[in-house]
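This report describes selected local features of one protein chain, from its hydrophobic interior to individual residues. The sequence and the structure are shown first.

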Amino acid sequence: SINKQLGEQSDKEPTENGSHVGAKGQEVSVQAECVPNGDSALPTRLFRRRWAIVFLFSCYSLSNAYQWIQYGIINNVITKFYKVDGFAVDWLSMVYMLAYIPFIFPATWFLDWKGLRFSALMANALNCAGTWIKVASARPDLFWVTMLGQCTSALAQLFILGMPSSLASVWFGAEEVSTACSIGVFGNQLGIAIGFLVPPMLVPNVNDMEELAFHLRTMFYMSAGVATFLFVLVIIVFQEKPEIPPTQSQAQARLSRPEEYSYAASIMRLLGNKHFMLLVVSYGLNVGCFYAISTLLNQMIMQHYPDEEVNAGRIGLTIVIAGMAGSLICGIWLDKTKTYKQTTLIVYILSLVGMLVYAFTLNLGHLWVVFLTAGVLGFFMTGYLPLGFEFAVELTFPESEGTSSGLLNCSAQIFGIIFTIGQAKIIEKWGTFAGNIFLCIFLLIGTIMTGFIKSDLRRQKANQQNEAQPVNVS
């Protein structure tokens, strides 16, 4: 029966341990790994389709992340058009964080029980709906409509943020899983980068409200067109999981998960894992700082460099592009070295250093210095994102990757709201330097907490538990 399964697949790559699948109907030799009870697990195998799946995920994650920051980076333009204050516009960003907190547990439950394809369909349906609602909001008296559209898009991210580690584990081999997770995070970061760059170019700061409405409507139509196209692609292309698991840990997970699996019990086990909980808090502190900086970047830059909203967007772009490079480098490094604790701690320390440098140089009056320091900050702070996901999976295996990632993201959203509101108030009263030092204090706390996390790499132990035993399957 195994031979029948293997023979039906014509687009296979070599297995994780080097064996190949023959043409349909042929007898093949594969590597089967042993599970603890001595029986042979399903053979591990990699499918070329995995690259299409992770690329498509990255694309719709990009679409959703773009919408998160598209208002904040033109805060001054949006306040003028809708005749609201800056804090109301900040909420167009913070609603993404707020929506995540109460709904993350239902969303991760759906990911556990309905799987990757259901989550992908839900994410794209909500994301697409949000973009079309915004198309109807390009009138000065319809701020509530644009908020409704943003809330709908915010619900879509519930089915996106926790997926990179799950998708990587389900589809990718042990030597590429961290890289795949980084690619998944890469799409989200690229969306933020485009969100920093494009809105200031599409929506110039003009005084004619009709012209401004036209520019906003153009931006909204572009978002809606992309989201609709991606929704159709997901319906056609996105697959739940490969027919044969890619790693021994996934093979064991498929065989061992009982029908009476309890999501509530899984949550309780995670909450009782003290090293994971240290990671949850430290991850939230780091990513919460990134959310606050991204949301308030326009206000910080405009305070020191008036009429530079386009360059504010470019600085945001620099932060995220540098972070994308950091994410990919960190993902590849983890796959090569498996040094999760050491890499996470070093990147955290360098995030703190980058934040301090940024805080002390923002008000020097030289935009090129801000570009440089923002790039350094982004490389490490945004590069930390996939490290947290992958370290969490290692600490919590065999619990659901979606559940552990969901708790990390929930922590990030909570701290993101707190830091955004807190930093905004501090900037208003004492200036940008005090606001940035406020974030540095919490990054220092997160660095110390990361140092106390024990490197218990459970997934690696599962993959290395038994040497591969060659068997002939016919």
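A nonpolar core is a set of buried Ala, Val, Leu, Ile, Met, Phe, Trp, Tyr and Cys residues joined through side-chain atoms within 4.5 Å. In this predicted model, the largest such core comprises 129 residues. Within that core, the residues with the most contacts are Y60, L167, F238, M355 and Y358. Helix α4 gives the most to the core, contributing 17 residues.

The surroundings of F238 illustrate this packing. Apart from its neighbours within four places in sequence, F238 is in contact with I53, L56, F57, Y60, L116, R117, A120, M163, L167 and L233. Two of these partners, Y60 and L167, are themselves listed with F238 among the residues with the most contacts inside the core.

Helix α4 spans residues 86–135 and holds both T131 and W132. How do these two residues, together with T344 of helix α13 (residues 340–361), stand with respect to solvent accessibility? The table gives the values.

| Residue | Helix | Relative accessibility | Class |
|---|---|---|---|
| T131 | α4 | 1% | buried |
| W132 | α4 | 41% | partly exposed |
| T344 | α13 | 0% | buried |

The class of W132 follows from the cut-offs: burial requires under 20% relative accessible area and exposure over 50%, so W132, at 41%, counts as partly exposed. T131, at 1%, is counted as buried because its value is under 20%.

The side chain of T131 reaches the backbone oxygen of C128 at 2.6 Å. Setting aside residues up to four places away in sequence, T131 touches Q67, S153, F220, S223, A224 and A227. With the corresponding exclusion, W132 is in contact with Y221, A224 and T228. A224 is thus a partner of T131 and of W132. The side chain of W132 also makes a polar contact with the side chain of T228, at 2.9 Å. The C-alpha atoms of W132 and G149 are separated by 7.6 Å, the two residues being 17 residues apart along the chain.

In helix α13, T344 is buried, with a relative accessible area of 0%. Not counting residues up to four places away in sequence, T344 touches Y384, L387, F391 and T450.

Confidence in the model is as follows. The mean pLDDT of the protein chain is 80, and 86% of its residues reach 70 or more. Over residues 1–39 the pLDDT is below 50, and this stretch has 95 contacts in the model beyond near neighbours in sequence. Residues 466–474 also have pLDDT below 50, with 22 contacts beyond near neighbours in sequence.

Note on methods: Residues are numbered from 1 along each chain as its sequence is written. Side-chain values use heavy atoms; hydrogens and water are left out. Helices (H or I, at least four residues) and strands (E, at least two) are DSSP runs, numbered from the N terminus. Buried means under 20% relative accessible area, exposed over 50%, partly exposed in between (1.4 Å probe, protein chains only). Contact means heavy atoms within 4.5 Å. A polar contact is a pair of N or O atoms within 3.5 Å; within protein, one must be able to donate a hydrogen and the other to accept it, and residues adjacent in sequence count only if both atoms are side-chain atoms. pLDDT is the predictor's confidence in each residue, from 0 to 100.
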